[in-house]
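Biologist: Hey, can you walk me through this one? I'd like to look at it together and ask things as we go.

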Amino acid sequence: MSNVNEGQPREQWGSKLGFILAAAGSAVGLGNLWKFPYIAGKNGGGAFVLIYFIILFLVGFTLMLAEITLGRATQLNAIGAYRKIRKSWAWVGSLGVVAAFLILSFYSVIGGWVINYTMKSFTGALHVTDGQALGMMFEKLITGTTEPILFHGLFMLATLLIVLGGVGGGIEKSNKIFMPGLFVIIIILAIRSMTLPGASEGIKYLLVPDFSKVTIGVVLDALGQVFFSLSLGMGCMITYGSYLGKDSNIPQSSIIIPLIDTGVAILAGLAVLPAVFAFGFDPSSGPGLIFVTFPAVFAKMPLGSIFEVMFFLLVLFAALSSSISMLEVIVAYVVDEWKINRKIATLLTSLIIFLLGIPATLSFGPWSHITILPGRGFFDTFDFIASNVLLPLGGFLLCIFVGWIWGTEKAIKEVRNNGKISFQWAGIWSFLVKYVGPVAILIVMVRSFL
Ligand code: PHE
């Protein structure tokens with residue numbers, strides 16, 4: 001095995017709960033809190049949610065299990081895992097590492113805005129009821145030059161400090177604080193939002209489907225969102241799975257993690273959309289939803305400033321628990337394969353991501369006129385290539401690899417660990433990973449690009 005620390009066993013999660021929290025922490029992030037409500041808003045609310053669920057059932061659970069199993073079986077990073085089983089497939093793992101670079105570089109830009117808003121929420125600077133004034137405040141932040149870069153740097157710094165602590169001491173430990181905190185806060189916020197007068201419109205919007213808005217582009221968005229939200233298709237769960245011991249129950253984890261993730265996405269929708277309707281804002285107002293609309297909502301709520309601090313802390317926790325998992329994909333690869341020590345690997349890769357994020361940051365301001373893909377600046381291009389191309393492609397190739405190259409029999413054997421772990425849906429999983437997953441992903445991708 002190409003492991004740096006030869007003779008030294010690979011680091012492992014301290015407990016079963018530790019792994020679940022870390023993996024759920026990876027899954028629950030800006031994808032749930034920032035992206036889900038606005039993509040659902042843009043794409044017809046309930047109809048989007050329904051399509052999201054269908055994809056979740058067909059490929060979400062399936063790929064979650066496939067990735068974790070691949071990681072545990074090989075005890076290696078995303079690239080090493082493919083290589084160990086079939087040398088010529090290592091490049092598929094590389095796609096994942098590239099995706100991790102791209103996603104983290106723009107993810108951290110939003111993470112920076114979140115830090116900025118968390119600070120603003122503490123100082124009361126957001127206590128403005130006028131939506132337009134809040135819109136201008138947000139515009140001013142994101143179209144700037146120094147400030148957004150600085151906060152993007154701060155977010156990367158926080159991410160790297162946690163990852164420096166290692167799997168147990170950094171990632172697992174921080175998730176044990178972030179995740180319980182996050183659950184409590186989001187439930188309080190959803191209840192608050194749903195009990196506002198006029199909230200029912202928002203609930204209806206999220207849950208009652210309007211199929212007139214459904215196009216193949218919407219289905220691709222939903223597919224991309226499932227991958228993004230579950231941290232699938234780039235080897236994140238391979239990496240986290242590689243720190244599992246043989247006695248771990250993968251089928252159970254593969255159900256719990258997506259359920260937590262989806263639960264939080266729906267709760268986020270229920271926290272954001274009813275409030276948006278109750279105060280007469282536009283649900284499809286895009287990425288600014290949680291930065292513009294939400295503060296306006298809080299400003300009008302009794303004890304709003306307390307809820308507001310809670311909200312931005314929640315978003316910050318969620319973002320960090322995801323960003324550390326992306327950085328870990330890259331760091332694990334560098335540590336395993338290049339035999340570089342963890343500290344240097346972490347510092348170096350964080351620096352590259354910071355630099356890569358700068359054009360993404362500037363694409364909201366001074367560089368907003370530069371387009372890379374038609375109609376998309378740096379930020380949107382990174383997001384599109386990673387979320388709508390690399391992740392689904394990575395997921396498709398993962399299905400082929402686990403279903404046909406490695407083979408589901410070997411995977412199932414790995415999961416069952418000599419019959420010690422029950423895996424009753426092995427037959428269904430096998431069918432899903434061999435046929436349904438790849439065909440579904442391929443159809444959506446090909447059709448939307450034609
Ligand atoms: N799942 C995270 C979110 O929803 C983002 C992420 C994507 C994390 C891919 C890791 C890998 O915010």
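Modeller: Sure, we'll go through the ligand, the salt bridges, the cysteines and a surface patch, and keep in mind that this is a predicted model.

Biologist: Ligand first, then. Which residues come nearest to the ligand?

Modeller: There are 15 residues around the ligand, and the nearest are Ala27, Leu30, Gly31, Tyr107 and Phe228.

Biologist: And what does serine 231 do there? How far is its side chain from a nitrogen atom of the ligand?

Modeller: An N or O atom in the serine 231 side chain sits 3.0 Å from a ligand nitrogen. Serine 26 also has a polar atom 3.1 Å from a nitrogen of the ligand, but that one belongs to the backbone. Then there's asparagine 32, whose side chain puts a polar atom 3.3 Å from a ligand oxygen.

Biologist: How much of the ligand's accessible area does the protein cover?

Modeller: 100% of it; on its own, the ligand has 320 Å² of accessible area.

Biologist: OK, new topic. How many salt bridges are there?

Modeller: The count comes to eight. The general idea is that side chains of opposite charge can pair when their charged atoms come close.

Biologist: Take lysine 176. Which residue does it form a salt bridge with?

Modeller: Glutamate 172, with the closest N and O atoms 3.5 Å apart. Both residues are in helix 8, which spans residues 166–194, and they're four residues apart, or about one turn of the helix.

Biologist: Are those two buried or partly exposed?

Modeller: One of each. Lysine 176 has a relative accessible area of 40%, so it's partly exposed. Glutamate 172 has 4%, so it counts as buried.

Biologist: What about lysine 204 and glutamate 201, where do they lie?

Modeller: They're both in helix 9 (residues 200–207), three residues apart, again about one turn. Their side chains meet in a salt bridge, at 3.2 Å from N to O. Lysine 204 is partly exposed at 47% relative accessibility, and glutamate 201 is partly exposed too, at 40%.

Biologist: And glutamate 328 with arginine 342, how far apart are their closest N and O atoms?

Modeller: That salt bridge has them 2.4 Å apart. Glutamate 328 is in helix 14 (residues 304–338) and arginine 342 is in helix 15 (residues 342–362), so the pair ties together parts that are 14 residues apart in sequence. Both glutamate 328 and arginine 342 are buried.

Biologist: Which residues do shared salt bridges join into one network?

Modeller: Arg72, Lys246 and Glu414.

Biologist: Switching again: how many disulfides does a search of the whole structure find?

Modeller: Zero. Take cysteine 236: the nearest cysteine sulfur belongs to cysteine 399, and that's 17 Å away. A disulfide would need the two sulfur atoms within 2.5 Å, so that pair doesn't make one.

Biologist: Are those cysteines buried or exposed?

Modeller: Buried. Cysteine 236 has a relative accessible area of 1%, and cysteine 399 has 0%.

Biologist: Last thing, the surface. Which residues form the nonpolar patch?

Modeller: Leu50, Ile54, Leu58 and Phe211, with about 350 Å² of accessible area together.

Biologist: Where is leucine 50?

Modeller: Leucine 50 is in helix 3, residues 46–74. Its relative accessibility is 39%, so leucine 50 counts as partly exposed.

Notes
Residues are numbered from 1 along each chain as its sequence is written. This is a predicted model: local features need pLDDT of at least 70, side-chain atom pairs count only at pLDDT 80 or more; totals for chains, interfaces and linings use all residues. Side-chain values use heavy atoms; hydrogens and water are left out. Patches are made of residues with over 30% relative accessible area and no salt bridge: like charges are joined within 9 Å, nonpolar side chains (Val, Leu, Ile, Met, Phe, Trp, Tyr) within 5 Å. Accessible areas come from the Shrake-Rupley method with a 1.4 Å probe; for residues, only the protein chains shown count as cover. A salt bridge is a side-chain nitrogen of Lys or Arg within 4 Å of a carboxyl oxygen of Asp or Glu. Helices (H or I, at least four residues) and strands (E, at least two) are DSSP runs, numbered from the N terminus. Buried means under 20% relative accessible area, exposed over 50%, partly exposed in between (1.4 Å probe, protein chains only). A residue is near a molecule or strand if one of its heavy atoms lies within 4 Å of it. A polar contact is a pair of N or O atoms within 3.5 Å; within protein, one must be able to donate a hydrogen and the other to accept it, and residues adjacent in sequence count only if both atoms are side-chain atoms.
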